[in-house]
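The following exercises concern the architecture of a predicted model. Each task is followed by a solution in steps.

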Amino acid sequence: MYIELGHLSLILALPVALVQMILPMIGAQRNDAVLMRVAAPAALMQFLLITLSFLALTWGFVTSDFSLQLVTINSHSAKPMLYKISGVWGNHEGSVLLWALILALFGAAAVVFGKDLPDRLRARVLSVQGAVGLAFLAFIIFTSNPFLRLEFPPLNGQGLNPLLQDPGLAFHPPFLYLGYVGLSMAFSFAVAALLEGRVDAAWARWVRPWTLAAWIFLTIGIALGSWWAYYELGWGGFWFWDPVENASFMPWLVATALLHSAIVVEKRETLKSWTILLAILAFGFSLMGTFIVRSGVLTSVHAFANDPERGMFILIILALFMGGALTLFAARAHVMESKGVFALVSRESGLVLNNVLLVVSAFVVFVGTIWPVVSELAFDRPLSVGAPFFNTAFTPFILGLALFLPIGAMFSWKRAKAGRVVKTLALAGLVAVSAAILLWAMQTDRSALGPVGLFCGLWIFLGSVTELWQRAGRKPARLLRLSGADWGKFISHAGFGIVIFGIAGLVAWEEEDIRIAQIGETFEVGAFSVTLEAVEEVQGPNYFATQGRLRVEQDGELIEVLHPERRRYPVAGMPTTEAGISNGLMRDIYLVVGDAQAGGGYTVRSHIKPFANWIWGGAIFMALGGFFSLFDRRLRVAAGKRSGAAKSTGAQA
Amino acid sequence: MIRRAFSILMLLFLTLPAFAVEPEEMLADPLLETRAQSLDEVIRCVQCQSENIASSNADWAKDARLMVRQLLLDGRGDQEIMQFFVERYGERVLMTPQLNGSNVILWVAGPLMLLLSLGGIFLYSRKSKPSGSASLSAAEEARLKELLDE
């Protein structure tokens with residue numbers, strides 16, 4: 001019964017979205033207040049209906065209702081509760097429903113927090129949100145309906161892919177979707193601004209919190225995914241350049257560029273049309289990501305529902321929204337007049353360079369990701385583009401960004417004195433360079449990424465510290481009085497430095513050891529000695545596992561006893577590897593136990609991963625910086641008090 | 001020349017191999033084994049998705065690793081071994097597309113776009129030199145005067 005209610009409310013959401021799309025848009029065009037006022041209740045209604053529908057599906061999973069086809073295919077009654085709930089979005093249909101739910105959530109949030117937006121702008125924003133919602137609701141209902149019933153329900157389900165039976169599934173996709181879908185707000189604001197024919201500081205100030213929120217979620221989502229892959233896939237890689245990872249990374253890169261260019265619009269009223277274009281592209285990459293994951297055009301480890309019909313549907317959605325928005329952009333962009341002018345050496349130029357490098361690196365990822373398809377179709381040359389390509393082609397741009405970041409961040413607006421900035425940063429640069437040279441001398445045949453990455457990481461970190469110190473007038477007491485935006489900038493940039501440092505450290509100084517160890521055997525890995533104490537068979541709620549007990553010691557002192565497992569899930573008939581990891585600030589010890597060997601003993605892989613946690617820790621810092629900036633008092637006050645009248649805020653800078 | 005530059009670049013950002021190689025597969029000669037492991041890095045497991053044979057646990061990857069080692073013992077060169085795999089499984093079997101023919105587009109796309117955008121910005125900034133935006137409009141002048149008078 002509740003299944004049908006959920007199904008019904010999903011279908012009802014479709015006409016509501018249609019109304020939300022059409023009436024407010026007409027109202028805004030004709031300046032008809034009554035029609036424009038339809039937008040808010042429609043957006044709230046849509047959220048309510050999709051929430052009901054999502055709850056119904058969740059209940060189906062929780063109670064293991066195998067009359068639902070989706071539950072039968074993707075769930076099993078013996079599964080722990082956490083995975084029954086997260087299993088709702090561990091499949092194609094459920095995850096698109098989550099997508100639509102989050103989209104409606106953002107629409108509702110725009111109603112609640114956007115009370116002070118000018119009526120016309122708000123009506124247009126909500127109307128575009130309605131259009132996106134309509135497209136995805138139609139996609140769900142016509143190609144991916146989660147509420148299909150089975151005539152003869154089986155006694156039990158087929159279970160969830162064992163790799164997905166992990167707390168990671170509970171958090172990684174929702175955060176990622178919050179990010180993807182959050183970029184639809186930037187898109188809606190951009191289209192609304194093009195229709196209005198006006199972009200000003202006030203507009204940038206409304207858009208930035210939404211973009212910032214989406215960016216924070218995307219950052220957390222990507223970091224969680226990377227961490228999950230690290231401990232789950234069994235060899236401790238943290239980034240694979242898999243098409244689906246790229247699908248989430250491209251919008252992140254463009255959103256990062258957008259965040260920075262929106263600052264220029266807000267402070268200096270220039271780069272307007274560029275910012276609009278970025279907002280459109282950021283959401284375009286989100287849609288493209290959705291297409292890549294669900295169409296089966298590219299093979300990926302995230303093998304989702306691969307259905308050409310669905311792929312075609314999303315491609316049409318992508319073409320409609322991008323084609324429409326870009327056409328509108330071509331027609332109206334010239335209306336956006338820049339106000340501020342700036343010299344070659346200025347914060348504005350620095351941010352332009354930031355944008356160029358970020359967008360070019362997103363472009364490199366894009367070309368690499370679709371090249372297998374292009375090459376096969378256009379040149380009849382099937383091939384694959386793997387991690388080595390991306391490492392080589394992508395890294396130089398990010399290193400360029402890293403080198404220039406501390407300098408650009410310290411330039412003043414409009415016209416900066418390069419000499420003064422260089423002098424201030426001299427100490428930071430000196431320390432970073434000498435640390436890198438020292439390392440270069442110490443290591444002989446290792447990858448150059450170690451010293452280079454260490455230099456960049458330190459340079460960004462120390463540069464950010466210098467800038468914050470400078471901003472506080474070199475007085476500790478004034479540090480606390482700095483604005484949230486200043487702290488946000490510092491924390492995010494420092495986090496970026498930490499990520500680079502972590503990657504460089506991990507890649508350059510990882511130590512590995514593979515051997516067949518007998519029970520009781522002790523061996524040395526780096527500075528640690530590892531003893532294989534026992535291997536036992538254990539049983540989990542829905543799996544059997546071969547569990548090793550390994551004792552890790554350093555200089556005769558116990559560090560930790562680790563229990564890596566090899567799990568077998570009888571329902572799915574598929575093994576997974578659970579590494580035993582001793583987490584540490586300076587290093588992770590990462591142990592994997594393999595198969596029993598014919599001559600006795602077990603394969604044991606040991607990895608010492610220096611600074612591994614700095615990668616995700618740094619990413620969390622980046623997101624945290626976003627939060628600080630988001631809750632900056634000035635932004636909040638501004639969001640509340642600004643009225644529709646455009647005010648030049650150049651003086652604020 | 002370009003290829004040389006690329007190989008230097010590749011070497012610069014080289015990452016360490018992540019092995020799935022089983023101890024009993026390894027070659028006794030450490031020099032050959034090192035070569036084998038760098039070959040494992042660039043040969044893709046055709047049974048898996050975006051994984052090389054060095055990190056994959058699939059059966060095919062295991063066979064491929066053994067084949068790499070057998071060919072090395074036969075005294076074949078690295079290029080020869082890669083060619084051996086390409087002949088049998090197509091270019092798909094390589095992790096990195098070869099730098100020739102249409103693939104040149106793939107490799108130069110990024111640098112080219114950087115040059116184009118920097119050039120575009122340069123031209124744009126020359127064309128649109130301050131057109132009155134540096135000076136204030138009449139209304140703004142009036143407002144400024146008003147403020148200064150207060």
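**Exercise 1.** What percentage of the 150 residues of chain B count as buried? Relate the result to the secondary structure and contacts of the chain.

*Solution.* Begin with burial: 25% of the residues of chain B are classed as buried, a residue being buried if 20 or more other C-beta atoms lie within 10 Å of its own. Next, take the secondary structure: chain B contains 6 helices and 0 strands, and its pattern along the sequence reads α-α-α-α-α-α. Finally, consider contacts in chain B between residues at least 6 apart in sequence: 49% of them join residues at least 24 apart.

**Exercise 2.** Characterise the fold of chain A and explain why its radius of gyration indicates a globular degree of compactness.

*Solution.* First, count the elements: chain A has 20 helices and 10 strands. The radius of gyration is 26 Å, close to the 26 Å given by the globule rule for 653 residues; chain A is therefore as compact as a globular protein of that length. The C-alpha trace extends over about 80 × 75 × 55 Å along the principal axes. As for burial, 55% of the residues of chain A count as buried. Of the chain A contacts with a separation of 6 or more, 75% involve residues 24 or more positions apart.

**Exercise 3.** Which domains are assigned to chain A, and how many residues does each contribute to their contact?

*Solution.* The assignment gives domain 1 (1-161) and domain 2 (511-612) of chain A. Their centres, taken over C-alpha atoms, are separated by 44 Å. Domain 1 of chain A contributes 7 residues to the contact and domain 2 of chain A contributes 5. On the domain 1 side, these comprise 2 nonpolar, 4 polar and 1 charged residues.

Definitions and conventions
Residues are numbered from 1 along each chain as its sequence is written. Chains are lettered from A and ligands numbered from 1 in the order in which they are written. This is a predicted model: local features need pLDDT of at least 70, side-chain atom pairs count only at pLDDT 80 or more; totals for chains, interfaces and linings use all residues. Domain bounds come from an automatic or database domain assignment. Two residues are in contact if their C-beta atoms, placed from the backbone, lie within 7 Å. Ala, Val, Leu, Ile, Met, Phe, Trp, Tyr, Cys and Pro count as nonpolar, Asp, Glu, Lys and Arg as charged, and the others, Gly among them, as polar. Helices (H or I, at least four residues) and strands (E, at least two) are DSSP runs, numbered from the N terminus. The radius of gyration is taken over C-alpha atoms; the globule rule is 2.2 Å times the number of residues to the power 0.38. A residue is buried if 20 or more other C-beta atoms lie within 10 Å of its own, exposed if 12 or fewer, and partly exposed in between; C-beta atoms are placed from the backbone.
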